[in-house]
Amino acid sequence: MQEKIRPTKLLYEIRKSVSKILDKPFTEHIDHQVFKPDQRILAVWAAECAERVLPFFEENYPGDDRPRKAIEVLRDWIDTGVFSMTAIRKASLDAHAAAKGKEETDAIFAAHAAGQAVGTAHVVTHALGAALYSIRAVVAHSADVNSGLQEREWQLERLLKYAKQARE
């Protein structure tokens, strides 16, 4: 029997890895302020995580661009630094709403990944949710837990790259 993803455990492992990569203290409870200085790095990372699984949604729902628009809103914030709570909130809620009523689990998780990613502009630790939902989308798409482990490794390698660039 194939092992299943345990989201709470996976989120804990992601948070621990992110703390190590960003050289931030790891605590049992998420402290949003600990990651605040790295918000832009985590936003870029969250956008990439969500973009990797976005095709799972768009292949099934090509007429629904709400998850893509959420990532675009996040990319705009990353590029300009201009924050609009109204725009961020709407994009996030719209992406999450796009998941409702869908049957394909990979598409549902992909839409949630986009909704979490854009939320990073407001609360930095939403990046962790984007990573988690992206991993879950990959596993749902492939029906193989090992693909989720590979996705997590890719994600952490990307974050490590961004962290090193920021230190240079």
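Which residues does aspartate 38 touch, not counting residues up to four places away in sequence?

## Aspartate 38 and its surroundings

In this predicted model, aspartate 38 touches Leu22 and Lys24, when residues up to four places away in sequence are not counted. Aspartate 38 lies in the loop between H2 and H3. The relative accessible area of aspartate 38 is 12%, and this residue therefore counts as buried, because buried means under 20%.

## Lysine 9

Lysine 9 belongs to helix H1. Its relative accessibility is 40%, so lysine 9 is classed as partly exposed, a term for values between the 20% limit for buried and the 50% limit for exposed.

Lysine 9 can also be placed with respect to alanine 113. The two residues are separated by 104 residues in sequence, and their C-alpha atoms are 18 Å apart in space.

## The cavity

The structure contains one cavity of 30 Å³ or more. The largest cavity has a volume of about 40 Å³. Its lining consists of Arg15, Ser19, Pro25, Phe26, Thr27, His29, Ile30, Asp31, Val34 and Phe35.

Two helices, H1 (7–21) and H2 (32–35), each supply at least two residues of this lining. Sorted by class, the lining of the largest cavity has five nonpolar, three polar and two charged residues.

## Packing of H3 and H6

Two packed helices are described by the angle between their axes and the distance between the axes. Helix H3, which spans residues 39–60, packs against helix H6, residues 105–119, at an angle of about 145 degrees, and the axes are 8 Å apart. The crossing of H3 past H6 is left-handed.

On the H3 side, the contact is formed by Ala46, Ala47, Ala50, Val53, Leu54, Phe56, Phe57 and Asn60. On the H6 side, the participants are Asp106, Ala107, Ala110, Ala111, Ala113, Ala114 and Ala117. By class, this contact has 13 nonpolar residues, one polar residue and one charged residue. Alanine 113, named above in relation to lysine 9, is thus among the H6 residues that meet H3.

## Packing of H7 and H8

Helix H7 (residues 126–142) and helix H8 (residues 145–167) have axes that come within 8 Å and cross at roughly 145 degrees. Here H7 passes H8 in a right-handed crossing.

From H7, the residues Ala131, Ser134, Ile135, Val138, Val139 and Ser142 take part in the contact. From H8, their partners are Val145, Ser147, Gly148, Glu151, Arg152 and Gln155. The contact of H7 with H8 divides into five nonpolar, five polar and two charged residues.

Technical notes:
Residues numbered from 1 in each chain as written. Predicted model: local features only at pLDDT ≥ 70, side-chain atom pairs only at ≥ 80, totals over all residues. Heavy atoms only, no water. 1 Å grid on protein atoms, 1.4 Å probe; cavity = no way out; pocket = protein on both sides within 12 Å on 5 of 7 lines; lining within 4 Å. Points joined across faces, edges and corners; volume = space filled by probe spheres on them. Helix = DSSP H or I, 4+ residues; strand = E, 2+ residues; numbered from the N terminus. Nonpolar A, V, L, I, M, F, W, Y, C, P; charged D, E, K, R; others polar. Axes fitted to C-alpha atoms, helices over the stretch in contact; angles between N-to-C directions. Left-handed = near helix turned anticlockwise from the far one by under 90°. Contact = heavy atoms within 4.5 Å. Buried < 20%, exposed > 50% of the residue type's maximum accessible area, 1.4 Å probe, protein only.
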